Structures are given as structure tokens and as C-alpha cells.
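Visitor: Please show me the structure, and then let us go through helix packing and ring pairs together.

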Amino acid sequence: MTGRARGKARGRARGTADEPAQRPGEAVEPTQLPPAAYAAPVYTDNGHGGQPQASGRAAYRGGAREPRPGTAGVDIYTRAPAEEMAQLRLGGGGPEVGEGRPPPGMAGVDIYNRSPAEAGGGRGGGVGEGRPDRRRRFEEPSTRPAHVTDKSGTSGQPIPLKANYFRLEQAPDWHLYQYHVDFKPDVDSKRLRIGLLYSHEELLGPTKAFDGMTLYLPHRLQNTVTEVVSERKTDGTVVQVIIKLTNELPPNSPQCIQVYNIIFRRVLAMIEMKQIGRNYYNPAQKVDIPQHKLTVMPGFITSILQYESNVLLSCDISHKILRSDTVLDIMYDLYNRLGDRFYDECTRRLVGSIVLTTYNNKTYRVDDIMWDIHPTDTFELKDKSRISYKDYYQKNYGKTISDDKQPLLASKPKPKDIRRGQKEIMYFVPELCTLTGLSEEVRADFNVMKDVAVHTRVAPNNREKTLTDFIKQINTNGGVREYMGGWNLHFADSPVTINARVMPQEKIFQQDCQLQYRQEEADWSRDMRGKRLITPVNLQNWVVIYFRRNEQQAQEFVQTLSRVGPPMGMMIAGPIPVELSDDRNDSYLSAIRQNLTPQTQMVMCIVPTNKKDRYDAIKKLCCVEHPVPSQVIVSRTLSKKQMMMSVATKVAIQLNCKMGGEIWSLEIPLKNMMVVGIDTYHDSAKKGRSVGGVIASMNPALTRYYSRCTFQHTFQELQDGLKVCFKGALEKYHEVNKCLPERIVVYRDGVGDGQLSAVYDHELPQMLEAFKAVGGHNYTPRVAMVIVKKRINSRFFARAGQGVGNPPPGTVIDNTVTKPEWYDFFVVSQSVRQGTVTPTHYNIIHDTTVLKPDHMQRLTYKLCHLYYNWPGTIRVPAPCQYAHKLAFLVGQSIHRDPAIELSDKLYFL
């Protein structure tokens with residue numbers, strides 16, 4: 001097989017319609033996608049603080065891109081004033097302007113006459129002046145099991161690594177001093193409170209942080225209680241200001257961590273980085289891709305947190321992808337091309353998308369297009385006067401609107417906006433907005449993605465150099481040095497170093513041999529050729545349905561399948577061919593019903609195009625109404641004869657899996673153990689409903705699985721659904737093995753930022769209760785629950801010649817950049833040929849298995865070898881990826897519980 005053919009077979013082409021065209025478990029590596037649907041008035045911050053990257057999971061058929069379901073976390077540090085901390089005002093600037101709410105009908109523009117820089121948070125006067133981050137920050141719960149005193153493993157080959165973390169250095173006796181500030185008589189206005197307090201700079205010094213009630217200083221005042229007086233300039237009233245010391249905070253306290261992040265946002269503004277959405281970008285370094293009308297803007301994802309023994313700055317490269325043309329340009333293009341269909345297509349293209357307002361760099365979701373509202377319409381200002389949208393933008397931003405007839409875009413307030421009093425619809429002018437991210441049509445264009453990847457896919461050497469230069473820019477900037485010096489803070493010049501380990505290479509077995517492969521490539525596709533599968537299943541009774549013009553392709557493909565099957569141990573008989581005169585959905589469904597018998601092992605449909613509704617109809621029929629394994633193949637996959645053997649081999653392996661066969665296996669020393677994978681996916685047909693996929697191993701080799709799915713609505717607990725799933729899994733395990741498992745290891749994927757508390761406080765106890773309910777009170781298996789997180793910003797670099805490269809597969813990191821309150825570790829399980837490899841983070845929140853850290857790490861790495869749709873390692877344990885495939889199929893295509901007859905087969909691949 002040629003390198004190109006092998007690349008196609010490995011999934012980098014579109015392949016079959018049943019398989020996405022990227023490595024399992026991997027997202028498009030460094031590209032920063034648009035944030036989740038988010039609408040907020042301009043007087044709040046659009047940023048989200050942390051960086052849960054947009055899901056974008058397998059939307060290659062045009063399905064919905066939605067954030068993962070779940071609830072927010074709970075702030076366990078009750079003493080940290082989180083909401084107030086997010087609004088801290090730093091430095092010695094004057095009073096804050098722009099307090100208050102926009103009037104109805106004009107929430108989308110800044111009615112308080114602030115400059116674009118102020119509205120966008122780009123001014124240097126102090127973080128919180130123009131764009132305070134009012135998002136409540138949640139502390140993650142402490143989930144480290146009490147018996148785990150040492151979470152570091154010892155086995156494997158040591159390897160030194162660098163990481164994208166930089167130490168935040170303080171003086172040895174550094175503390176942050178927290179004061180409570182009272183005013184007599186009481187002052188309601190936060191702006192006025194700030195002004196009254198900051199008039200005493202000779203007492204407080206130039207470096208301070210104040211949110212209207214709590215004051216933070218890097219030094220201690222002479223007295224525990226300090227009283228001063230200020231004069232209110234508006235009416236000459238003398239106000240007594242009482243400053244009382246309430247706390248002396250150590251460097252790793254939650255309050256200090258939040259202050260560090262606020263200080264760092266100020267630092268980013270000082271070096272002229274602009275906040276767009278939740279991250280900071282450098283507009284001066286943007287790169288245009290004119291042939292696709294796209295702009296790539298480089299930036300950074302940053303956060304400062306307490307890790308094992310130090311406070312570290314986590315910093316990674318991000319890219320914001322914008323359209324270089326405006327929303328109005330897109331509307332004109334659609335109008336010129338579509339004519340009468342313009343209104344419907346324009347609504348379809350724009351509603352639900354995320355736009356960036358060019359005058360203040362904020363992002364909003366488009367909920368509607370107001371065809372009857374135009375820039376010449378007027379709205380009411382705070383002083384009750386009226387002004388047109390057009391005049392307002394000209395007066396406040398110097399923006400000239402050229403098209404007076406264009407409609408306005410509308411963004412509805414989210415529930416959280418309504419809770420804080422913002423009930424008005426926000427309006428935006430298309431001429432002043434650009435689309436962010438990439439549409440599904442653009443993502444399907446290989447040439448576009450290739451040109452974008454040139455700028456967004458960064459090699460390890462360049463990534464490490466860029467990050468180091470970024471920190472150097474901060475440390476050498478005169479203004480930043482003076483400002484951070486006032487807080488007695490400084491960033492280390494070089495990234496932290498880590499003592500990591502490379503776990504031993506795993507042995508891969510097929511029926512009569514051991515496969516040979518290089519660990520650094522983590523790919524055994526070449527050595528699989530011509531070798532018998534572990535458990536081949538003969539294909540004797542099957543149906544092939546195809547459109548008339550694809551007859552020759554179908555015949556050649558079936559012949560090729562019959563040639564590649566026997567060397568693998570699969571005897572493939574001739575199918576029942578069904579030729580269709582048209583490619584309507586009903587034609588395929590009727591053909592399936594007419595030719596399906598109780599003995600049918602497989603239904604294969606060769607379709608001319610990748611239409612989602614046809615694929616959904618076929619899968620719903622074959623997974624629910626008439627349960628039978630099915631395979632859908634797009635005809636273009638079979639159009640290249642030189643690729644036919646490669647495609648047929650891959651499809652034959654997939655068919656074997658769907659009929660209950662096994663492909664390869666590993667050495668699994670632990671006996672009588674069940675491994676469970678759980679993942680969730682939003683149901684695209686019903687808003688607010690999610691699908692949970694549950695996969696459980698049934699044999700000692702962890703190569704046979706039982707699958708069920710459960711449905712839940714937003715904020716609904718999984719208790720009843722999990723009980724049904726685990727009951728079926730344990731009953732099936734007992735049927736196969738004549739006993740119940742002694743150990744159960746659950747890998748839980750799909751847990752986003754802020755959802756760990758919900759899983760730990762609710763889902764974990766429910767799961768443990770479900771085991772007892774199913775197995776009886778005397779059944780007490782040893783259980784571990786592992787949270788799997790792959791959308792992370794951690795990156796690791798290994799020495800490679802004069803520079804750095806990616807760590808080899810099997811690298812495990814369990815110190816320095818892990819959390820002291822967690823039993824966690826990172827694993828680099830896959831190999832990448834381009835860009836920087838992304839590790840996967842594992843957090844063991846419950847463990848009674850008495851397995852050592854080495855054993856949990858090795859088991860996790862072994863499971864990354866057992867995903868049968870990829871002849872190599874993947875980013876997550878195979879049960880997680882199988883659970884995702886099941887949840888995605890049900891959430892995108894079936895929308896109902898699949899037939900129980902298919903539960904012991906991997907029919908969802």
C-alpha cells in the first residue's frame with residue numbers, strides 16, 4: 001500500500017459515511033473555534049475565564065454543534081467573594097464610567113459614550129475600567145480519594161519534558177492583604193466608592209485592587225483599622241472611609257489566584273492584546289487568506305492556577321478565525337445568487353451563528369434577522385432623547401453606515417442575562433459585524449482547511465519559541481515590569497521542566513501472531529495485512545442496495561471485499577444485489593424492508609451523496625424498527641480504483657466488528673474486571689435533551705462490549721437511566737462469564753468545565769447505588785471512576801536534536817502540573833505527524849480498586865489501543881470512543897433507544 005493509500009485508509013479522507021475523517025477522539029488541533037451560543041449586553045464581559053473549547057463533535061454530516069450538557073459547578077470556597085473579585089478595579093485610575101443598563105431596544109450598542117477601546121477592554125487604565133469580567137468563577141471540588149497519599153507511578157523509561165507552564169514568582173514572605181471598606185454615610189454608587197477611596201493614594205499606594213467593598217493591597221497598612229475622610233465633589237458632603245484588615249492571604253489562596261488572573265488581564269491589555277470572546281488576540285499580527293475571505297488572528301489562552309507545589313501560568317497558542325467580509329457582504333452575495341430563495345437561505349446561514357462586532361470586539365449569537373428594522377430607525381438614550389442607529393455609530397465610533405436599508409440582526413438575552421435584569425433584545429448592524437469560525441460547508445472544503453491549517457497548526461519547536469517569546473515580551477515591557485513590581489510578582493523566563501515517564505510498548509496480538517510496530521508511530525496497519533483476525537465472522541447472508549448509476553462501483557467493491565476477506569479469516573459470500581431506479585429515501589427504505597429476512601446479517605447501502613436525512617432514515621430503520629447491522633457508503637469513496645483494496649479492507653474490518661467479531665487484542669493481566677465508558681451528546685431533534693452512551697466490556701480481553709443509551713433533559717439526573725444501563729450490562733456480564741465483575745472501572749467522558757461538582761456530588765453516588773440495586777446489597781464491587789478530559793490546553797515538549805518535538809506515545813505525566821486536590825495524570829497516547837500533540841487528562845475521583853497509580857495508568861494506556869476503527873492508538877480509552885459513537889448516532893440520526901437485539905455488537909461504528 002502506498003503512503004497516500006495508507007493515509008486514506010487511516011481515515012484522513014472521507015472514507016465511508018459511517019466513519020468521520022479524522023483520528024478518533026481528536027479535534028482540529030490548535031484552531032480556536034467560536035464560543036458557544038452566548039448573548040450578553042455590552043455592559044458585561046463576554047469572556048468566560050476558562051477555556052473549555054467548543055465541542056464541534058463530528059458535525060461532518062451537517063449536524064448540530066452544541067456544547068456538552070451538564071450543570072455548573074459549586075463554589076466550595078465560601079470565603080472567596082467570587083462575583084465581586086471578578087469586578088476588581090486595579091491601579092490608580094479614576095472612577096469607573098458606564099455603570100447602568102441600556103434601555104430596551106438598544107442593548108447591542110454602548111449608550112454611555114465610551115470609546116471603542118473602553119468598551120472592548122483595551123484601555124490601559126486598569127482591568128475592570130471598560131470591560132469588567134463579571135462571570136462567576138467556580139473552584140473545582142477536591143476529589144482526591146483519602147487513601148491516595150502518593151499518586152506518582154514509577155514504571156517506565158524516564159524522559160525529561162518541558163511544558164507550556166511558567167512559574168509565577170513572589171518574594172519569600174509574600175502575602176496579599178484583604179481589607180473591608182465601609183463608608184459613612186453609606187454610598188450606593190460603586191463608581192463613587194472607588195473615587196472616594198482612590199483619592200487617598202498617598203496612604204494606599206499606586207498598586208491596589210478594589211471592587212467597591214473589598215480592597216486588596218500588596219502591603220499592610222500601619223493600623224488594623226484606618227479611618228480617613230473624603231469629600232464628595234457633587235454636593236460637598238464629607239464621607240468617612242473606614243478601612244479594616246480582614247485577612248492576610250497566602251500566595252496559593254483562592255482569592256489570590258483570582259487576583260493573579262485579574263492582574264494578568266491588565267498585563268495583556270498593556271501589551272496591546274485585545275479580548276475577543278474569552279481569550280486575548282493580537283490584531284496587529286492577523287493573517288488574511290484572501291482566496292477564502294478569511295482572517296486568522298493569533299492569540300493566547302491563559303490561566304493562573306495552583307498546581308502541585310507552585311502557582312503556574314498556563315499559556316497556549318490560540319487562533320481566532322474570522323470572515324474578512326462583513327455579514328452585509330454575505331447577505332449581498334446570497335441575494336445576487338439566490339434571488340427568491342434569499343430570505344430562507346439567509347436565515348438558515350446566519351441564525352444561530354456567532355458574530356463579532358468590529359467596533360468593540362465582542363461576540364454575540366444571532367437569534368433572528370429583523371427585516372423591518374433598519375439603521376435609520378431610532379432608539380431612546382438614557383436621557384430620553386432619541387437617536388438613529390446610523391447617527392449613533394457615527395458619533396460614538398466614527399463608523400459610517402452606507403446601506404440604510406439593511407435589516408438588523410437580533411440577539412435575545414440568555415436566562416442568565418434575564419436573571420440580572422437584562423430583558424431587552426439586542427440589535428446589531430450587519431455592516432459592522434463579521435462571522436466568526438467556519439461553517440459546515442467551509443469545513444467540508446479540503447482546500448480551505450488545508451490553507452487554514454498552514455497558520456493554525458503549529459509545530460512543537462515553533463510553539464515553544466512563541467510561548468517563550470510571549471513571556472519575554474511581558475517581562476521586558478517597562479510598564480508591565482513597573483506594574484507587576486508593585487505587586488511584587490514576576491514570571492519565570494523559561495517554561496517548567498517535568499520528569500515524565502514513557503510506559504512500555506504494548507504487545508498487539510491477532511489470531512496466530514504478534515503484530516510488529518514502532519511505538520513512536522503507534523500504528524500497526526501495515527503489519528495487519530494478510531493476518532487472521534482474533535474472531536472473524538463469516539458474511540453469508542447480506543444485502544447490497546445501490547442506485548442504478550453506481551452499479552459498476554457496487555459490483556467491483558463486492559468483488560474486492562470477497563478477495564480481502566479470506567486472508568483475514570472472513571468468508572464473504574455473494575450478496576443479494578438490489579438496484580434502485582432513483583435515489584429517494586423511500587426507495588432505499590422500501591428495498592431494505594422487502595429484502596430483509598431473519599437470517600440477514602448485514603445491510604449495505606451505497607448512496608450517491610452524503611445526505612443527512614437519507615442516512616438518518618436508513619439508520620433509524622436498521623437500528624430501531626428492523627434491527628440489523630448496517631453500512632452506508634458514499635459512492636465517491638469507491639470512485640478511485642487504486643484505493644479500492646484499501647477501502648475494502650477497512651470496510652471488511654468494520655463489518656466484522658458490527659457482526660460481533662474481534663480484530664486484535666492485548667495482554668490484560670487483571671481478571672474478572674468490567675470497564676465502562678460513558679459519554680454524552682446533545683440530541684439534535686429535541687432541545688434540552690441529551691443522549692448518554694454507556695459501553696461495558698463483557699470478556700477478560702476487553703474486546704467485546706454491551707451497549708445501551710439513556711436520555712436525560714437539562715439538569716435532570718441520570719439515576720434512572722444509569723440503573724437500566726448497568727442492570728443490563730451486569731446481567732449480560734453474568735450470562736457470559738457466570739459471575740459478576742469484582743472490579744468495575746468507569747471512564748466518564750463529556751464532563752465540561754464546571755461540571756465536575758455535579759458528577760462528583762450526584763452522578764457518582766447514583767452510579768454506586770445502581771450497582772447495589774442491580775447486584776444486591778451483598779454485591780460490593782471495587783469501583784473506580786475516572787473523568788476523561790481531552791479538550792485541554794496543556795502541551796508537553798520532548799528534546800529532539802537542537803530543538804523540541806512531541807513526546808512519544810505512552811508518555812505519562814503525574815507531577816508538577818497536576819492538581820494537589822486531585823488524583824490525576826496526563827497521558828500522551830497517540831502520534832501526530834503535524835502540529836503539536838494534545839495529551840489527555842485523567843482525574844480519578846473515586847477509587848476502591850486498590851490498584852496502584854502505575855496500574856491505573858497502564859490500564860488507561862492499554863485501552864487506547866483497542867478502538868477497532870483505527871489500527872493504532874487513539875486519544876481516549878476505547879470504551880469512551882465507543883460511547884461517543886453510540887451517543888452521536890442516537891443524538892444525530894436515530895433519536896430513539898436502539899433495539900436491544902443489537903446491544904452486544906458494535907453496530908454504531
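The turns below take up helix packing and then aromatic pairs.

Guide: This is a predicted model, in which local features need pLDDT of at least 70 and side-chain atom pairs count only at pLDDT 80 or more, whereas totals for chains, interfaces and linings use all residues. Residues are numbered from 1 along each chain as its sequence is written, and side-chain values use heavy atoms, with hydrogens and water left out.

Visitor: Are α16 and α19 roughly parallel or roughly perpendicular to each other?

Guide: Helix α16 (residues 551-564) packs against helix α19 (residues 644-658) with the axes 9 Å apart and at an angle of about 70°, where axes are lines fitted to C-alpha atoms over the stretch in contact and angles run from 0 to 180 degrees between N-to-C directions. Angles under 35 degrees count as roughly parallel, over 145 as roughly antiparallel, 65 to 115 as roughly perpendicular and the rest as oblique. The two helices, α16 and α19, are therefore roughly perpendicular.

Visitor: Which kind of aromatic pair do Trp524 and Trp664 form?

Guide: Rings of Phe, Tyr and Trp (its six-membered ring) pair if their centres lie within 6.5 Å, and planes under 30 degrees apart count as stacked, over 60 as edge-to-face and the rest as tilted. For Trp524 and Trp664 the ring centres are 5.5 Å apart and the planes stand at 85°, so the pair is edge-to-face.

Visitor: Is Trp664 buried or exposed?

Guide: Buried means under 20% relative accessible area, exposed over 50% and partly exposed in between, with a 1.4 Å probe and protein chains only. Trp524 falls in the first of these classes, and Trp664 is likewise buried.

Methods:
Helices (H or I, at least four residues) and strands (E, at least two) are DSSP runs, numbered from the N terminus.
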